[in-house]
Structure formats: structure tokens, C-alpha cells
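New to this one? Here is a quick tour, starting with a metal site and ending with the overall build.

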Amino acid sequence: MGLQGRRIEVLGTVQGVGFRPWIYRIAQTLGVHGQVHNDTCGVTIEAFGSQETLDRFLQLIEATPPPAASIRRMSWTPIPAQDVRAFRITASQASTSRQSSIPPDLGTCMDCVAEIFDPEDRRYRYPFTNCTNCGPRFTIALDVPYDRPATSMARFPMCEACQREYEDPGNRRFHAQPNACPRCGPRLRVLDPSGDTVEALDAVRWAAEVLVKGALVAVKGLGGFHLACDATSREAVAALRLRKRRDAKPFAVMVRTLAQAQRLAELTPAECDLLQSVERPIVLARRAADSGLADEVAPQNPLVGVMLAYTPLHHLLLADAGRPLVMTSANLSDEPIAFRDTDLVRLREMADFFLIHDREIVTRCDDSVVRIIGGAPALLRRSRGYVPRSVGLARGVARPVLACGAQLKNAFCLASGDLAVLGPHVGDLDDPEVLVSYGEAIERMERFLGVRPEVIAHDLHPDYVSTAYALARPERTRVAVQHHHAHVASAMAEHGLTGPVVGVAFDGTGYGPDGSAWGGEVLVATFKDFERLATLRPIRLAGGDRAIRQVWRTALALVDDAFEGKAPLDDIPLFQGITQQRLEVVRRMVSGDFNAPRAHGAGRYFDALGALGLGLQEARYEGEVALAWNLVADPGETKAYGYHLDRTTEPWCLDLRAMVREAVADVIAGVPAARISAAFHNTLVQATAAMVRAVLAIRGPLPVVLTGGCFQNPRLAEGVCAALGPDVDVRLQRLVPAGDGGIALGQALVADAVSRATTEEPGG
Ligand code: ZN
Ligand code: ZN
Ligand code: FE
């Protein structure tokens, strides 16, 4: 009576996340018959039952998906009713349009953790335990659809017991593609630096013992190798710094439980949620006073990057070591994370031992980094756990686009239809090694998504490696996108805005169409184009990029500009450590306009003021001084310095010379750096809000987006939001990084809009 049939199509992250078993279970409970299968578009269900039952079925699918699944779209069409007597999961079907997303890697679930610590369980201490709710996905996938034969688990035939679980609809491992156990799955071993296997009854326990004694161990994890050491040992962490050739950049620390994380950092509820999320990112949080961590973990830094164990291997290793471990990407300072067993050669100088396994990591994927800004998470690095989840586009692209990203912190983006997928963090493209893996990662993602790009987007900068890559691609439609326009477009895309918007893009540097370095920009933008309404007064960079490391050069140029060459250099502690001769050289470069390009980057102001206020001559890694300057700011200080928004020029110019003069006077008077930094932040906040308000006054109430690496600074981001007040619709980047790691999304949308316009014009 009243038997109906429906074909239900579900798009989104629905493969490899226990979606079909869960559909099966709801169908069983409701008495729905039919079948469910993965296809290259997502999941398709054929369901037969009464109208009432089928309505309920659809409701339940939408309301209670498995934790790691995310439904982007669900639709159904009526089909002729069939009198089938059961509900089945059928084999995957390959179809021509391939939009499905392979799910991201998922942190180990509580059930699996319980099993590996249960001596009675057959997976007791098994480091590759997983189920439909957790485990490796993206990093082991070779192709779509996401099924075991298309993963690096293909070479491990399941034993009888595992096969039974895999086939039992009532089991947590029903169709868990990486299902494995000690009898049939991957295995661990320990190698010494010469590559010989170390005899050990239990490789994890053995590794934990040497870690406790101070050794550095390279651990093959989910998306690559980590270098691990005892985070409470000064000697061990110092040795790690030396061998990794990393002076100061903070290392991330891993612990097993939330309670342990709370001992290391003062965690807000939002930070606790984030730590425990299936994505398991590194969370930047305030370090606890008595954290017990060696200072060398994050020297002179009030923050600490904490993450929870996200594989069974981590859980076992941390439990055996009984203390927090530094877990940092295994690489030399600027190289990409090592992920292949052949990379071990490169790691020999760094690690005392290697804890490795025989499951291949197909795609490199670094740990993601998140910080709470304005009360909600903002991704600083979007990689493991988030990639390859797609970003839905309010306005889809006309033709598939590959956007090649920027130079530093590179991540590329593929957009097709109304979806965009950002690739994993590739890192800094200066390194030739990185370029190889960059190209490979792009090709693999094209295959996964079944996208053949027709439009190639790249940065306007002629010397970026990503630009060279774009120009070497065979596709003929290429669009060069201005860096800050791309930042703004990325924020627009993330928030479903199609423009126009007021975009504030503050970062270190980006190539301007006039050949100068931009980076303190207020744009009014659509995807197709932008107007530059205001910018920061430029600073001269004596020696070009050298001034970015040697921040005293920028400070000198800034101070000279503010005091019109009559700066009281002798009274400023920063310059007392620099010889007269070096000061003169820089001054001559600036005044003679010789190798001293103009830079508008807000980041340069952070560098220069940080150098002056903290007496730091040099940044040991990119952004170090700017970050230190942010971290030192006194949260209670409300004072601000002067500024002038010059509206007689085009674009308007934000002139901060008054601020520089007052800050220098404070430095000379011995005012604490915490207060000078706070006043600097307050000034920049007020000046930025004033620029935005001035633009809104002439352009009407447009939405405002804040983007660029500087807005990963909570004080600046939160300050500008607060200063603009509740009447202004202001958005921060959250799921897509505000820094250059998120820029490819914006490039893709700009390239789409620009290439549409040229193809739509007659004869264009
Ligand atoms: Zn699990
Ligand atoms: Zn097995
Ligand atoms: Fe940038």
C-alpha cells in the first residue's frame, strides 16, 4: 500500500566517514528497503517505502549525519517503486562526473582509543587501529572513489576477522576502508641512522624509552614524519633546534588528553573544543605559567602550539613516554615535511632513531594550525584534517580554474562549478624540492576531483615560482591576479559575498601593478576588479629583501622619514649596536633611491616598530619581530598615537609619521615596550577603522572584509572589528587562512570573473 521509490543524491564529504553504514542502520530501523552506494559524485540511495517512512528517512539523514561527514547538498527524485525485500550496500560505481571529495584524515575516535588500551582486545596496542569514524583518508588515497583498492592499504589483504567486521552492517568497521589489525595490517619498526632495524619486542615502547632518555626520534605519522623529543627536557629540545637549524621558531607539543593540554596552556572552552575536534589541529594558546615545558620549545613566546594525539601510534607513544612530546615537521627549517621512506636519508643527520611503518603516505599533509580570534577559530595553516574539504561558492566558476597560490606558505586551489578545494600546505616555494611535490600535489588533486582546469590563475609577481609554474602549464587562458585583490576575493568567497566589498588587506608584501610592494591596502573590490582607495605611506627597504630580515634597516628608514633626517639616533638603543658606517650605507641607499624600493606593507610597520621598541636588529625567521611586537602588547593600555589620513592623494595615504615620532620619544623616555606596542596597535586599529569609515561614507554601506597575514594578529583583528562597531558588517577569514595560504581561493574567483568578461565580450 502506497509504496514509493526515491533516488536520493547526497553531495559533500560523505565517503569514508561511515556514511553508508549509517544510512544502512537508519534504513533498518525505519524498515526502508533499497540500496546505497558511493559514486564519484558522492552517495546515491535508492529507497523504497511509504511516503511517511521516506520523509522520515530523509529527515534523519539530514539531522544526524556521522561526526566526520558533512552534507553539502541533498536532493531526491521519484523513481518507480520496486518490491525489494532488504536494504543493501552495493559496490561503488564509477561515473563520468567526479565531484566527490575524499574525506580529510580523521583523529582517532574514543572507541578505537579504548580498544588499543584494552589488554583483552585483539587490537591491544595496535598502532593502526581505525574505524568508519576515524583514521587515515586523504593521505592514503590514490584515486576516487575512496575504496580500499584505491588506497595505500590495498597491499594489506584483510584477515578473516577484519573481513567479517568489514562486512557486518552492525559493526563499527562496516566498510571502514583502512580497517586493519595486528594480524593483517601495517607494522612498525625502529631503524637506526644507518638504516638497520633495531631489535625491539615492542617498537613503540622502545622508542618511548629512548625519547625519555633524550633521543630525537623521527616518527612516521599520518601526513609525514615528525621529529619527536621530550618537551620537558631543555637538552633534548636544544639539540633538536641545533639539528633542525631552527633558532627560535616555536615547536608544537603533543599530549594525549585534554587534561594534559590544560596543564600546558590556559585553554578557553573554544580552544578545548578545537583541540578535541576530529580535525585535531595545532591550537595556539596562552602558555600556562607552570607548564613544565622546556623554555626552548617556544623561546620568549607567551603562546604554545598544542595538539592532541590523533593516531593510535601517537596515543601509545605518549602513554609510554608519560610526558608531552615536541612533534615538529621533520625537515630542515624551510623544507617541506618529509613523508616518503626515501626521505629518511635526509633525516639521518637529524634523528637518532626512526619509528617507521609500511603503510605508504601518498600525499604529504602538514599539521594544521588554528588560533581563536574574536571568539571563534581562524585557520592560520589549513592542511591535515581540513584538506580536501571543499568551500562552497555562492557564485560558481564558469570554467574549471587552477589557482597556483603565492610564494610563501603556498597552497593551491582547484575550483569547478560551485566548489573550490584548497590543497594541502605546500610551504615556501623557494626550495626546488618543494616545486616537485607542488606539481605532484596539483596533479593528484586534479585526478581526485576529476577537474581539468581550463583557466590558470597566478600571482602578478613575475618572480614567484608559482607564477613560473602557471606559465609553464599548457592551458592557454591565464590570469595574473594582484596579490591583495586575491586576499580580498578569498575573504569574499569564504563568506559568500559577491561584491562590491571594502577589503582591508594588510600583510608583509605583495606585488603591485606599479611595481612597488603593496601590503597596507584598502580596496573596494568585486571578483572582477578593484579600486585602491587608500594605502599606507610607504617605507623604503634598503637592500630590498635584506631589510625584511634585518629589520633595523626598515626602522632606520622609517625614523628618518618621520624626523625628516634629523632623528635622534644616538638616543635610540636599537641603533647603538650598529656601526656608523652601516647606518650611513643604509641612509645613502634611501636618499639616493638606490636599491631601496618603496613598500606599503603593514607588516613592515610591525617590523620597524618592533625593532625600535624591543631593540631587535634582526628577525631569525619570517615575521619573528612582528609577532614578538604583537605578543608583548599590554592588553590594558588604551593610549594611542597620532596619525593623519591624507585624502588629497589618490589613493589616500595613511601617514603614520606622527605615531613614529611619539613612539620614538617613548622609547627614549624608557616607557616599557608593552605600552608602546599597545599604543602602536591602538593607533593602527583607529586609523584602519577611520579609513574604512571614510570609504563607507562615500561608497555606501558595503560589507567589510579584513584579510592578509596581519589579521592573524588577534589584537589588530578584534580591535578593528570593535572600532567599527555593530553597525558595520565586518568579516574575518576563518576556514580559509587570511595569510598567503588562503590566497589561491581568491585568485580562482578573480580569474573566473576576468576570463568570463573577456570571453563574453564580442571579439574579446
Ligand atoms: Zn575509530
Ligand atoms: Zn586483520
Ligand atoms: Fe599576502
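Let's start with C112: this residue is buried, because its relative accessible area is 0%, and the cut-off for buried is under 20%. Keep in mind that we are looking at a predicted model. From C112 we can move on to the zinc ion (ligand 1), which counts C112 among its coordinating residues, then to R384, and finally to the protein as a whole.

**The zinc site**

- What holds the zinc ion (ligand 1)? Four SG atoms do the job, coming from C109, C112, C131 and C134, at 2.3 to 2.4 Å.
- Those four donor atoms subtend angles of 103 to 118° around the zinc ion (ligand 1), so the arrangement is tetrahedral; to earn that label, all angles have to lie between 85 and 135 degrees.
- Along the sequence, the donor residues follow the spacing C-x2-C-x18-C-x2-C.
- C112 sits in helix α3 (residues 110–116), while C134 is in the loop between α3 and α4 (160–167), so this pair ties together parts that are 22 residues apart in sequence.
- C134 is another buried residue, because its relative accessibility is 0%.

**A look at R384**

- Where does R384 lie? You'll find R384 in the loop between β16 (376–381) and β17 (390–392).
- Is R384 buried or exposed? R384 counts as buried, because its relative accessibility is just 2% and anything under 20% qualifies.
- The R384 side chain makes a polar contact of 2.9 Å with the side chain of D367.
- A polar contact also links the side chains of R384 and Y310, this one at 3.4 Å.
- Leaving aside residues up to four places away in sequence, R384 touches a whole list of residues, including D105, L222, E279, R280, M307 and C365. D366 and S368 are on that list too.

**The protein overall**

- The protein has 23 helices and 31 strands.
- Its radius of gyration is 27 Å, close to the 27 Å that the globule rule gives for 764 residues, so the protein is as compact as a globular protein of that length.
- Measuring along the principal axes, the C-alpha atoms fill a box of roughly 90 × 70 × 50 Å.
- Of the 764 residues in the protein, 61% are buried.
- Take the contacts between residues at least 6 apart in sequence: 72% of these join residues at least 24 apart.
- As for the surface, the protein exposes about 28900 Å², and carbon and sulfur atoms supply 50% of that.

Conventions: Residues numbered from 1 in each chain as written. Chains lettered and ligands numbered in written order. Predicted model: local features only at pLDDT ≥ 70, side-chain atom pairs only at ≥ 80, totals over all residues. Heavy atoms only, no water. Helix = DSSP H or I, 4+ residues; strand = E, 2+ residues; numbered from the N terminus. Buried < 20%, exposed > 50% of the residue type's maximum accessible area, 1.4 Å probe, protein only. Polar contact = N/O pair within 3.5 Å; in protein donor to acceptor, adjacent residues only side chain to side chain. Contact = heavy atoms within 4.5 Å. Donors = N, O, S within 2.8 Å, 3.2 Å for Na, K, Ca; no water. Tetrahedral: all angles 85-135°; square planar, octahedral: opposite > 155°, others 65-115°. Rg over C-alpha atoms; globule rule 2.2 N^0.38 Å. Areas by Shrake-Rupley, 256 points an atom, 1.4 Å probe, with all protein chains shown as cover.
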